[in-house]
Amino acid sequence: MKLSPTVKRYLKMIRPFDIVIVTLLIIGSFIPLMVFTTSQHHQAVAQTTAKSHEVYTAVVSHNGHVLKRIRLTGHQGQTRYHFTMGHGAYNDTLVTDNRIQISDANCPDQICVHHSAISKPGQTIVCLPHKVLVEVKSSNGATHSNSTGGLVKP
């Protein structure tokens, strides 16, 4: 294979140490990729470990006072709770496996009864006429990862 005079001229400009430097720069360009990949792997493992130890609890409160804390994580079957607020007002909650809902109430609008069951931290069911709040909380105090708290992220 015969090299052109232009290629020969460029090859004369290259020194042996130049090849070592270029090779090290190419290898070094992959270092950030390795660092970020291992960092993401460690974060994923930490999140998985944290989620396995996370306990979800439903807190039922009336007018700001906690009536009952119900552990949702690990709950099996169905459990019913009856809460009376005075003046004949009542709310019945139903815990099915790891979900909670208000199954019956004698409030006039019945919005709380028609609300779907909740199971993730940060979700709430509110009965405004009876001033009852059912809220799911986690053991570490964080809300669900997909929740933005009503904020719009750019």
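These are my notebook entries on a predicted model of one protein chain.

**Entry 1: the overall layout**

I began by counting the elements, and I found four helices and seven strands in the chain. Reading from the N terminus, I noted the order α-α-α-β-β-β-β-β-α-β-β. Next I looked up burial for the whole chain: of its 154 residues, 23% count as buried. I also checked how far apart in sequence the touching residues are. Among contacts with a separation of 6 or more, 28% join residues 24 or more positions apart.

**Entry 2: the open sheet**

Which strands form the open sheet, and in what order? I found four of them, arranged 2-1-7-6, with antiparallel pairing. Strand 2 (65–71) and strand 6 (124–127) stand at the edges. Each has a single partner strand, so one side of each is left without a neighbour in the sheet. I looked up the twist as well: neighbouring strands here are turned by 20° against each other on average, direction ignored.

Then I followed one pairing in this sheet. Strand 6 runs antiparallel to strand 7 (residues 132–138), and four bridges join them. Ile-125 has Val-134 of strand 7 as its bridge partner.

**Entry 3: Cys-127**

I stayed with strand 6, since Cys-127 lies there. Is Cys-127 buried or exposed? Its relative accessibility is 1%, so I wrote it down as buried; the cut-off for that is under 20%. Leaving aside neighbours within four places in sequence, I found Cys-127 in contact with Asn-91, Cys-107, Cys-112 and Val-132. I also looked up its spacing to Ala-105, which is 22 residues away along the chain: the two C-alpha atoms are separated by 8.8 Å.

**Entry 4: strands 3, 4 and 5**

My next stop was strand 4 (residues 89–96). Six of its eight residues are buried, so this strand is largely enclosed by the rest of the structure.

I looked up its partners one by one. Strand 3 (residues 78–86) pairs with strand 4 in the antiparallel sense, over eight bridges. One bridge to jot down links Tyr-81 with Thr-93 in strand 4. Strand 4 also pairs with strand 5, again in the antiparallel sense, and there I found six bridges.

Both connections are hairpins, and I checked the turn of each. Between strand 3 and strand 4 there are two residues, and His-87 takes a positive phi near 55° in this hairpin. The hairpin of strand 4 and strand 5 also has two residues between the strands, and there Asp-97 takes a positive phi near 55°.

**Entry 5: Asp-92**

Asp-92 sits in strand 4, and I gave this residue an entry of its own. What stands opposite Asp-92 in strand 5? I found Asp-104 there.

Which side chain of opposite charge is nearest to Asp-92? I found Arg-80, at 6.2 Å. Asp-92 is buried yet has no salt bridge. A salt bridge needs the charged atoms within 4 Å, so Arg-80 at that distance does not make one.

I then looked for polar partners, and found that the side chain of Asp-92 makes a polar contact with the side chain of His-82, at 2.3 Å. Finally I listed the contacts of Asp-92, leaving aside neighbours within four places in sequence: Tyr-81, His-82, Phe-83, Gln-101, Ile-102, Ser-103 and Asp-104.

**Entry 6: two loop residues with positive phi**

To finish, I went through the loops. Asn-63 lies in the loop between strand 1 (56–62) and strand 2. Its phi is near 55°, a positive value in a residue other than glycine. How accessible is Asn-63? I found 49% relative accessibility, so Asn-63 counts as partly exposed; the exposed class begins over 50%.

Gln-110 lies in the loop between strand 5 (99–105) and helix 4 (111–114). I noted a positive phi of about 60° for Gln-110, although it is not a glycine.

Terms used: Residues are numbered from 1 along each chain as its sequence is written. This is a predicted model: local features need pLDDT of at least 70, side-chain atom pairs count only at pLDDT 80 or more; totals for chains, interfaces and linings use all residues. Side-chain values use heavy atoms; hydrogens and water are left out. Buried means under 20% relative accessible area, exposed over 50%, partly exposed in between (1.4 Å probe, protein chains only). Lys and Arg count as positive and Asp and Glu as negative; His and the chain ends are not counted. A polar contact is a pair of N or O atoms within 3.5 Å; within protein, one must be able to donate a hydrogen and the other to accept it, and residues adjacent in sequence count only if both atoms are side-chain atoms. Contact means heavy atoms within 4.5 Å. Two strands pair if DSSP finds at least two bridges between them. Axes are lines fitted to C-alpha atoms, for helices over the stretch in contact, and angles run from 0 to 180 degrees between N-to-C directions.
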